[in-house]
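New to this one? Have a look at the fold below, and then we'll walk through a few spots in it together.

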Amino acid sequence: MPDVYNWQLGRKMQYPHREAHPRSQFAFVFNTNRCIACQTCTMACKSTWTFSKGQEYMWWNNVETKPYGGYPQSWDVKLLAMLDAAHAKAGREPAWGEAKAGSAATPYGTYDGLTIFEAARTADQRGEVAVGYEPTDEEWRFPNFYEDAATGSRDQRASHNLAPATLPEHATWFFYMQRLCNHCTYPACLAACPRGAIYKRPEDGIVLIDQGRCRGYRKCVAGCPYKKPMFRSTTRVSEKCIACYPRIEGQDPLTAGKPMETRCMSACVGKIRLQGLVRIGEDGGWAEDRSNPLYFLVKVEKVALPLYPQFGTEPNGYYIPPRWVPRAYLRQMFGPGADAAVERYTHPSRELLAVLQLFRASQTIVYRYEIVEGKKVFEATIDGRKWEMFDDTVIGFDKDGREVARVAVEEPKFERPAKHYNSI
């Protein structure tokens, strides 16, 4: 296999294809701290793309409850177990080396373990390009499996209550995980397809399936560690999230030809989603773009982290980890940057607090932001540290520099006139 550079792992890794990168990359950030699992995103996607015969169990976007939920059922637990078995067979430890301060090449340190591509050589799956499996029909049938099921609860029988939960880590906990195709830099579905039916668009990095070439071998289903390609029994070919590419191309008249957020992003009630495009440099990494909100959250503030970076696909979906969940679980899911990300979110910088207001502020993709500073409106001592809040205004601009969003940190207050019965 050729060697390619994976900046999320801080090293080169083995991948079946030579390194090639798009001009821009579709990417998104989800703030798991805000999600209420209303499934509005899920139904927005379902009603747009997967409402036809043979797509009944296709949920390109889904929201699952961790630690027990998953769609398909136990997808990540099974993959982690397979990776553990490959490490045991190879006599290696899936450890992370220390991150170097300020290093863009190794922001989370160096991963010394095996990726799903490297593990395939030591596992019992000879001939496969990546460690993986094909879920059973039963595992696909329960998109809300174990919804709202918590772990770690302790009874207090004398009071007929559960033991209380307190920050920074709850003993009783669960959280919602929002998922769609990560449109990975090194897609396992693309690598696994024997027909060459899966490709990555050079203009925006969106991963698509050429259904004219697909023969329904389902190698993509088995190869993708996130289980986002899905087999359609009526057409006998695979389908997957297409990142609403007509909206990304600006074909929706609502934004007058400007790139637009996907259906699942723009429908989000909890304002947990921010989606956009980042420029890719000649070395394949993200080109420096300090005023791009995605670049700021991922590269500068490092508050948004990739999902299971140890899989090695370099996913382009990033998550702000939930601050109440045990840190060991978050490190397993988001890598060694989880502790620092939770700390930065819990005590947000002035700029971070402003940028967080851009989530769902516009259906038009925000390429650049500016901050107009406002007055101080609050101060407190958090964990022995002074923290201040300023009523800054963040302004978002589209691809052509036109203003599409203007949001203040402090929400406006409206007092209902006394003539109304329900006035304050």
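What follows is a short tour of a sheet, a pair of helices and one loop residue. Keep in mind that this is a predicted model.

Let's start with the sheet. It is an open one built from 3 strands, in the order β15-β18-β19, and the pairing is antiparallel. β15 (368-372) and β19 (403-408) sit at the edges with a single partner strand each, so one side of each has no neighbour in the sheet. On average, neighbouring strands here are turned by 20 degrees against each other, direction ignored. Strand β18 (residues 393-397) joins β19 over 5 bridges in the antiparallel sense, and F397 stands opposite E403 in β19.

Now for the helices. The axes of α10 (residues 327-334) and α11 (residues 338-346) come within 8 Å and cross at roughly 110 degrees, which means α10 is roughly perpendicular to α11. On the α10 side, R327, L330 and R331 meet A338, D339 and V342 of α11. Sorted by class, that contact has 3 nonpolar, no polar and 3 charged residues.

Last stop: T234, in the loop between β10 (230-232) and β11 (237-239). With a relative accessibility of 42%, T234 counts as partly exposed. Leaving out residues up to four places away in sequence, T234 touches K53 and G54. Here is what its side chain reaches:

| From | To | Distance |
|---|---|---|
| T234 side chain | K53 backbone oxygen | 3.3 Å |
| T234 side chain | R232 side chain | 3.1 Å |

As for Q73, it lies 161 residues from T234 in sequence and 23 Å away in space, C-alpha to C-alpha.

Methods:
Residues numbered from 1 in each chain as written. Predicted model: local features only at pLDDT ≥ 70, side-chain atom pairs only at ≥ 80, totals over all residues. Heavy atoms only, no water. Pairing = 2+ DSSP bridges. Helix = DSSP H or I, 4+ residues; strand = E, 2+ residues; numbered from the N terminus. Axes fitted to C-alpha atoms, helices over the stretch in contact; angles between N-to-C directions. Parallel < 35°, antiparallel > 145°, perpendicular 65-115°, else oblique. Contact = heavy atoms within 4.5 Å. Nonpolar A, V, L, I, M, F, W, Y, C, P; charged D, E, K, R; others polar. Buried < 20%, exposed > 50% of the residue type's maximum accessible area, 1.4 Å probe, protein only. Polar contact = N/O pair within 3.5 Å; in protein donor to acceptor, adjacent residues only side chain to side chain.
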